[in-house]
Amino acid sequence: MLTCCFISDDCQARSFGHGSVVCVCNATYCDSVGRTGLPDPGQFLSYVSSKTGSRLVKSQGQFQKNSTGAALRITLNPSQKYQRIKGFGGAMTDAAAMNILSLSSGAQDQLLRQYFSPDGIEYRFVRVPMASCDFSTRLYTYADTPGDYDLQNFTLAEEDVHMKIPLLQRAQALSAQPLNLFASAWSAPAWLKTNGALIGKGSLKGKPGGKEHKTWAQYYIRFLEEYGKYNLSFWGLTSGNEPTAGEMTNYSFQALGFTPETQRDWIALDLGPRLHSSSFPQTRLMILDDNRLLLPHWAKVVLSDVQAARYVHGIGFHWYLNNIVPPGITLTTTHHLYPEYFLFATEACAGWSPLDRGVRLGSWDRAEDYAHDIIQDLNNFVTGWTDWNLALNQDGGPNWVKNFVDSPIIVDSSKDVFYKQPTFYSMAHFSKFLWEGSQRVGVSFSQHTSLEVSTYIRPDASAVLVILNRSEEEVQFEVWDQTLGFLPGSAPAHSILTLLWSRR
């Protein structure tokens with residue numbers, strides 16, 4: 001009997017000296033987690049990724065009637081119910097599209113399958129920048145003709161028509177379910193702005209309710225219409241990327257300044273009514289789309305206004321500077337003030353900090369940073385988490401202002417390969433297993449532990465536990481599920497673990 005070396009779930013590991021390994025993929029080979037069925041009743045599945053090189057390594061075990069005697073008991077409390085999950089994803093920036101398209105068609109397909117297919121990690125969300133951002137190779141909007149208040153000359157760019165749209169269509173074709181696209185604009189056309197430029201400190205001319213603000217609202221509708229011609233519909237919109245950036249003097253790339261007050265009034269008078277009366281009234285509108293530490297203040301200003309609040313569905317936020325204010329103060333407070341509005345993480349990336357910049361191939365620390373932030377967010381009422389660029393080159397670009405960062409997939413087009421970073425697997429431990437509609441439930445611990453844990457019941461009545469061990473020690477534990485008994489478990493040092501079992 002012939003056996004071949006190319007087992008589909010084996011990572012072709014390569015070390016670049018950053019603490020762990022990447023998995024190398026090309027046109028003919030890529031490791032894949034595959035489809036994850038439920039184990040037989042009384043059994044559980046375990047998937048582990050670790051600093052030592054495990055990547056979603058699957059094993060199976062059996063529930064026991066009696067306690068294993070482990071010092072740490074994790075008790076599932078399904079009667080304590082919290083928020084439901086929407087999903088996970090990344091952004092199809094100009095840079096991401098350029099990098100994916102720099103590969104051969106076979107390698108492109110492999111990469112898209114890794115993110116979107118049932119054999120991959122099944123992303124459900126894709127953020128799409130409206131026109132250019134820093135991860136573009138040039139500055140542009142869709143309406144660069146001065147004085148075109150009716151947007152007669154509104155036109156999608158080459159980057160949309162020849163790059164982003166075809167890739168989004170391919171991603172959708174690979175996905176078992178409809179993808180949820182959401183759009184964010186970085187800047188209005190220069191002629192609509194106080195500073196007459198796409199970059200730097202500048203906001204819309206005039207006042208909310210005025211012609212510039214109405215034109216900018218109409219720009220969003222035109223974007224949705226144009227993408228609709230390519231059979232791409234949008235689940236959501238944000239009210240604009242990082243509105244505080246456009247309030248900063250000498251800001252180096254595309255931005256449009258709003259205060260919470262001007263954002264509130266623009267939504268109440270212009271964007272909200274325009275979206276509501278358009279062909280896209282179901283499109284969800286998220287406010288903020290900026291750093292978490294601006295909460296709950298930003299939400300209070302916008303959502304305490306009845307006119308603005310009626311058009312808003314959720315609150316989007318970014319992960320930068322998260323360590324300054326604890327999530328209980330920002331996220332949980334906001335949730336309790338406005339429980340009917342969902343919280344959604346709209347952007348995160350590693351390698352953004354001046355102290356630790358750009359691509360680190362094989363960095364396990366960054367995988368732990370991702371998992372820690374996701375668990376922290378989810379445990380504070382967040383419904384989903386979106387990574388930034390789906391793919392970057394080895395410099396962490398292209399980026400026209402050289403604002404280079406890291407990505408879960410790094411492309412080396414000269415070799416026609418791409419590298420799946422530890423952060424890719426970090427995302428997988430959530431995106432693959434936490435289906436839309438999964439509900440976070442209570443969990444308690446028999447003693448203090450360094451493990452970080454988040455617990456869910458999925459729509460198919462199965463249970464999912466995600467466990468992060470950032471310590472140097474392996475941690476033995478047992479999970480108690482009152483319907484099944486005791487699950488014997490262990491979290492290796494520096495590992496991410498997903499446990500899955502049926503409760504029927």
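## Notebook: helix α5, the barrel and strand β18

**Entry 1, helix α5.** I listed the buried residues of helix α5 and found Pro260, Gln263, Trp266, Ile267, Ala268, Asp270, Leu271, Gly272 and Leu275. By buried I mean under 20% relative accessible area, with exposed over 50% and partly exposed in between, using a 1.4 Å probe and protein chains only. I worked on a predicted model, in which local features need pLDDT of at least 70 and side-chain atom pairs count only at pLDDT 80 or more, whereas totals for chains, interfaces and linings use all residues. Residues are numbered from 1 along each chain as its sequence is written, and side-chain values use heavy atoms, leaving out hydrogens and water.

I took helices (H or I, at least four residues) and strands (E, at least two) as DSSP runs, numbered from the N terminus. I then checked the span of α5: its 17 residues, 260-276, put the end C-alpha atoms only 21 Å apart, short of the 24 Å that a straight helix would reach at 1.5 Å a residue, the expected span being 1.5 Å times one less than the number of residues. I also found a kink of about 50 degrees in α5, centred on Ile267, where the bend is the angle between axes fitted to the seven residues ending at a residue and the seven starting there.

**Entry 2, what α5 packs against.** I looked up the partners of the buried residues of α5, and they are α4 (211-228), β9 (234-238), β10 (284-291), α6 (297-303) and α7 (306-309), with contact taken as heavy atoms within 4.5 Å. I noted that α5 lies across β9 and β10 and runs at about 150 degrees to β10; axes here are lines fitted to C-alpha atoms, for helices over the stretch in contact, and angles run from 0 to 180 degrees between N-to-C directions.

**Entry 3, the barrel.** I traced a closed barrel of 8 strands with parallel pairing, in the order β6-β7-β8-β9-β10-β11-β12-β13. Neighbouring strands of this sheet are turned by 30 degrees against each other on average, direction ignored. Two strands count as paired if DSSP finds at least two bridges between them; β10 and strand β11 (residues 314-318) run parallel and are joined by 5 bridges, and Asp290 stands opposite Phe317 in β11.

In strand β13 (residues 382-389) I picked out Trp385, which is buried with a relative accessible area of 1%. Beyond residues up to four places away in sequence, Trp385 touches twelve listed neighbours, among them Gly87, Trp319, Phe344, Tyr370, Asp377 and Met427.

**Entry 4, strand β18.** I found 6 of the 6 residues of strand β18 (residues 452-457) buried. In a regular strand the side chains alternate between the two faces of the sheet. Both faces of β18 are covered, with Glu452, Ser454 and Tyr456 on one side and Val453, Thr455 and Ile457 on the other.

I followed the pairing on to strand β17 (residues 439-445), which runs antiparallel to β18 with 2 bridges and is joined to β18 by a hairpin through 6 residues; Gln439 has Ile457 as its bridge partner. Strand β19 (residues 462-469) is also antiparallel to β18, with 6 bridges, and Thr455 is partnered by Leu465. The hairpin of β18 and β19 has 4 residues between the strands, and Ala461 in the turn has a positive phi of about 70 degrees.

**Entry 5, record against model.** UniProt lists, in an unreviewed entry, "domain: Glycosyl hydrolase family 30 TIM-barrel" at residues 85-434 and "domain: Glycosyl hydrolase family 30 beta sandwich" at residues 437-499; its positions are in the numbering used here, feature names are shortened, and annotations may be inferred rather than shown by experiment. I computed 34% helix and 17% strand for residues 85-434, with end C-alpha atoms 7 Å apart, and 0% helix and 63% strand for residues 437-499, with end C-alpha atoms 18 Å apart.
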